[in-house]
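I opened this entry to look up what surrounds the ligand and where the annotated positions sit.

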Amino acid sequence: MPARPYRSVLYIPGSKERALEKARGLACDAIIFDLEDAVSPQEKVNARDTLVSALSTGGFGNRARIVRINGLDTEWAAGDIAALQGADFDALLIPKVGSAADVQAVADQIADIPLWAMMETPAGMLNAAEIAAHPRMAGFVMGTNDLAKELKCRFRADRLPMLTSLQLCLLAARAEGIVAVDGVYNAFKDEDGLRAECEQGRDMGFDGKTLIHPAQLAIANTAFAPTEAEIDLAERQIAAFDAAKAEGQGVAVVDGKIVENLHIVTAQETLAKAAAIADLEGSL
Ligand SMILES: CC(C)(COP(=O)(O)OP(=O)(O)OC[C@H]1O[C@@H](n2cnc3c(N)ncnc32)[C@H](O)[C@@H]1OP(=O)(O)O)[C@@H](O)C(=O)NCCC(=O)NCCSC(=O)C[C@H](O)C(=O)O
Ligand SMILES: [Mg+2]
């Protein structure tokens, strides 16, 4: 389980001082400070200084601070990494990762900091397992816009053309115990559409959703948090299982359904996630 929640992961253009300032007061679990697609070519170089200065000023609380650099095949990637040496942030996000070699290329240029991968190319999907298994890899972010472009698929409300890719990445992430965050919902004024896509992502097993606008935060925070009913059930399952164990039984029954060891692991994860959310919200 992630030690911290990642229900709402907000992209903020690294070039926009107003948005960087605003982020200090927003109810997101994590921030992706973007140097890639949200920043125009003319702003790329100045954005590095703007971002490093914002990171050094701080004020982002316990939210995870993730920085997305430009693609490794661009003229900006090496300069981005150089500018980030010694900066205060939690993870570096690499766009358009196609293989573990791409991850290693960044690992060779910056020490210690956990690396995350944008999963958004056909090669990335086919190599998801080796990318997740890289020793520095700590999280996957689905790049569903680039993925749609590369697959030449249509955007559909049910995301049918993307389900194989989403599930391949989720499988790889879960096999390695790293974080997995779903892609963005582009129509940022469409609350019902966002809610439905968050529910789908949560049902699939994602830890949260990447977002592009503050208006999307509350919906993702609700969708990816354990519900009151889930917390109540988890507590009752743990209590019933403890009581069964005390009587020498290996199985309990709650609400007419069996509860075994493996269900207790899920119940404990539910309570741990609720506690991590309460901790983060209490600290902001
Ligand atoms: C989408 C936007 C361009 C809309 O901007 P704007 O028209 O300014 O929105 P509002 O006027 O409604 O903004 C209201 C206030 O909220 C602040 N704001 C807006 N967006 C953000 C944000 N992301 N973080 C923090 N604060 C934000 C505005 O400053 C306003 O504040 P105030 O002045 O106090 O009123 C804009 O939302 C935006 O640029 N969003 C981010 C876009 C982005 O990051 N894109 C790249 C990531 S998505 C991606 O790359 C996908 C992936 O790679 C893939 O392949 O799928
Ligand atoms: Mg992308």
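Before listing any neighbours, I fixed the term: I call a residue near a molecule if its C-beta atom, placed from the backbone, lies within 6 Å of it. The model I am reading is predicted.

**Ligand 1.** I found 23 residues surrounding ligand 1, with Tyr11, Ala38, Gly143, Asn145 and Asp146 as the closest. When I sorted this shell by character, I noted 12 nonpolar, five polar and six charged residues. Strand S1 (8-13), helix H1 (17-23) and helix H7 (144-151) each give at least two residues to the shell.

**Annotated domain.** I then turned to the UniProt record, an unreviewed entry, which assigns "domain: HpcH/HpaI aldolase/citrate lyase" to residues 7-214. In the model this span is 40% helix and 19% strand, and its end C-alpha atoms lie 13 Å apart.

**Annotated binding site.** Which residues does UniProt list for "binding site"? The unreviewed entry names Arg68 and Glu120. These two are spread over 53 residues of sequence, yet they cluster in space, with a largest C-alpha distance of 13.8 Å.

I placed Arg68 in strand S3 (residues 64-68), and I count Arg68 as buried because it has 25 C-beta neighbours inside 10 Å. Beyond four places in sequence, Arg68 is in contact with Ile32, Asp34, Leu35, Glu36, Leu93 and Pro95.

Glu120, for its part, lies in the loop between strand S5 (115-119) and helix H5 (122-126). I asked whether Glu120 is buried or exposed, and its 24 C-beta neighbours inside 10 Å make it buried. Leaving out residues up to four places away in sequence, Glu120 touches Lys96, Gly143, Asp146 and Leu147; Gly143 and Asp146 are also among the closest residues to ligand 1.

Methods. Residues are numbered from 1 along each chain as its sequence is written. Chains are lettered from A and ligands numbered from 1 in the order in which they are written. This is a predicted model: local features need pLDDT of at least 70, side-chain atom pairs count only at pLDDT 80 or more; totals for chains, interfaces and linings use all residues. Helices (H or I, at least four residues) and strands (E, at least two) are DSSP runs, numbered from the N terminus. Ala, Val, Leu, Ile, Met, Phe, Trp, Tyr, Cys and Pro count as nonpolar, Asp, Glu, Lys and Arg as charged, and the others, Gly among them, as polar. UniProt positions are given in the numbering used here, feature names are shortened, and annotations may be inferred rather than shown by experiment. A residue is buried if 20 or more other C-beta atoms lie within 10 Å of its own, exposed if 12 or fewer, and partly exposed in between; C-beta atoms are placed from the backbone. Two residues are in contact if their C-beta atoms, placed from the backbone, lie within 7 Å.
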